[in-house]
Amino acid sequence: MTTTPAPAVPAPYGITFPRVLRSEWHKLRTVRSTWITALSAVLLVLGVGVLMGATYTSGGGDSDVDTVVLVLYGSQLSGVCLAVLGILVTAGEYSSGLVRATFAAVPGRLPVLGAKAAVLGAAVFVLCLLTNAATFLTAQLFLDDTDQAASLTDDGVLGALAGNAAGVTLLALVALGLGAALRSVPGALGAFIGGVVVLPEVLGMLPYDAVDTALRYFPTQAAGVLGSATPLPGAPSAGAVLLALALWAAAALAVPALLLRRRDA
């Protein structure tokens, strides 16, 4: 008598990308450093924005500064905090040794990097957008009777608030890529500060037009263009710098993606 083999039963807990995403989201929100860096970033933007609004007087030295740029000066500092968060998301796991358990659970490795980037990117963008809107509205309570008075419905304001958030998010993804490639929190932080923040300032001292043109598409400079409600004189278009920032982030993530296939955990 022949017997029919029982049909194969799929594993109830197979590895899927949504499950990897859920795991990375759980790790991100349950680590104390996430809340510390996120809160620091929010307070820097909100605090500096309120300070700029409370101390501003019409006709002063900042009267020609774009309104959104004026109230979001703190985003330059908060961007460093969120870059640190991006580094901790990847390099922090190597420092703690947690990455061994992560890669044992997800042997393919690349889904882990993709999930980390997706979770960090979504979290940072939402955090920055909400913080930017709250900071803008709060600062406008002080700027209502000045030449910097504006509202969310004014041309370019919402786009600038979202653009600033997108710029900071892409910078955080660049930092995440550096952390994954270097596997060292101090090393990645030094590479980010030196290569992304300081190096463009040093290169800007060179008296060459080609260098000035290229620097407009460097990460920090490109992010600054996205946060302005009015076009900056001589600056490339928002679409061009957004594409440049996306390419920087993609390149920063491509390096660890290649290394993950060749290195041990």
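Q: Patches are made of residues with over 30% relative accessible area and no salt bridge, and nonpolar side chains are joined within 5 Å. With that in mind, which residues form a nonpolar patch on the surface here?
A: This is a predicted model, and in it the patch is formed by Val 198, Leu 199 and Val 202. Together they have about 220 Å² of accessible area.

Q: What makes Val 198 fit for a patch, and is it buried or partly exposed?
A: Val 198 has a relative accessible area of 40%. A patch residue needs over 30%, so Val 198 clears that bar. Buried would mean under 20% and exposed over 50%, so 40% makes Val 198 partly exposed. You'll find this residue in helix H8, residues 185–203.

Q: Let's zoom out. How many helices and strands does the protein have?
A: There are 11 helices and 0 strands. Reading from the N terminus, the elements go α-α-α-α-α-α-α-α-α-α-α. The C-alpha trace spans about 95 × 40 × 30 Å along its principal axes. Of the 265 residues, 40% count as buried.

Q: What is the reach of helix H4 from its first C-alpha to its last, and how does that sit with the expected span?
A: H4 covers residues 75–96, which is 22 residues, and reaches 29 Å. At 1.5 Å a residue you'd expect 32 Å, so 29 Å is close.

Q: Where does H4 bend?
A: The bend is at Val 89, and comes to about 40°. That angle is taken between two axes, one fitted to the seven residues ending at a residue and one to the seven starting there. Just after H4 comes Gly 97, with a positive phi near 85°.

Q: Why is the contact between Lys 27 and Glu 24 called a salt bridge?
A: The rule asks for a side-chain nitrogen of Lys or Arg within 4 Å of a carboxyl oxygen of Asp or Glu. The closest N and O atoms of Lys 27 and Glu 24 are 2.9 Å apart, so the pair passes. These two are 3 residues apart in helix H1 (residues 17–30), so about one helical turn separates them. Both are buried.

Q: What is the distance for Lys 27 and Glu 93, and what does that pair tie together?
A: Here the closest N and O atoms are 2.8 Å apart, and the pair forms a salt bridge. Lys 27 is in helix H1 and Glu 93 in helix H4, so the bridge ties together parts that are 66 residues apart in sequence. Like Lys 27, Glu 93 is buried.

Q: How do you know that Glu 93 is bridged to Lys 116 as well?
A: Check the distance again: their closest N and O atoms are 2.4 Å apart, so with a cut-off of 4 Å they count as a salt bridge. This pair links helix H4 with helix H6 (residues 110–143), its two residues being 23 apart. Lys 116 is buried too.

Q: Which residues are linked in a network of salt bridges?
A: Glu 24, Lys 27, Glu 93 and Lys 116. The structure holds 4 salt bridges in total.

Q: Why is the aromatic pair of Phe 218 and Trp 248 called tilted?
A: By the ring rule there is 1 aromatic pair. Its centres are 5.5 Å apart, with 55° between the planes. Rings pair if their centres lie within 6.5 Å, so the distance fits. Planes under 30 degrees apart would be stacked and over 60 edge-to-face, so 55° lands in the tilted class. Phe 218 sits in the loop between helices H9 (209–215) and H10 (219–226), while Trp 248 is in H11 (residues 238–260).

Q: Which of these count as buried or partly exposed: Phe 218, Trp 248?
A: Phe 218 has 17% relative accessible area, under the 20% limit, so this residue is buried. Trp 248 has 37%, which makes that one partly exposed.

Q: What makes the phi of Arg 109 and of Arg 183 worth a look?
A: Most residues other than glycine have a negative phi. Arg 109 has a positive value near 70°, and Arg 183 has a positive one near 60°. Arg 109 is in the loop between H5 (98–105) and H6, and Arg 183 in the loop between H7 (157–182) and H8. With 17%, Arg 109 is buried; at 18%, Arg 183 counts as buried too.

Definitions and conventions:
Residues numbered from 1 in each chain as written. Predicted model: local features only at pLDDT ≥ 70, side-chain atom pairs only at ≥ 80, totals over all residues. Heavy atoms only, no water. Helix = DSSP H or I, 4+ residues; strand = E, 2+ residues; numbered from the N terminus. Buried < 20%, exposed > 50% of the residue type's maximum accessible area, 1.4 Å probe, protein only. Patch = residues over 30% accessible without salt bridge, like charges linked within 9 Å, V, L, I, M, F, W, Y side chains within 5 Å. Areas by Shrake-Rupley, 256 points an atom, 1.4 Å probe, with all protein chains shown as cover. Phe/Tyr/Trp six-rings, centres within 6.5 Å; stacked < 30°, edge-to-face > 60°.
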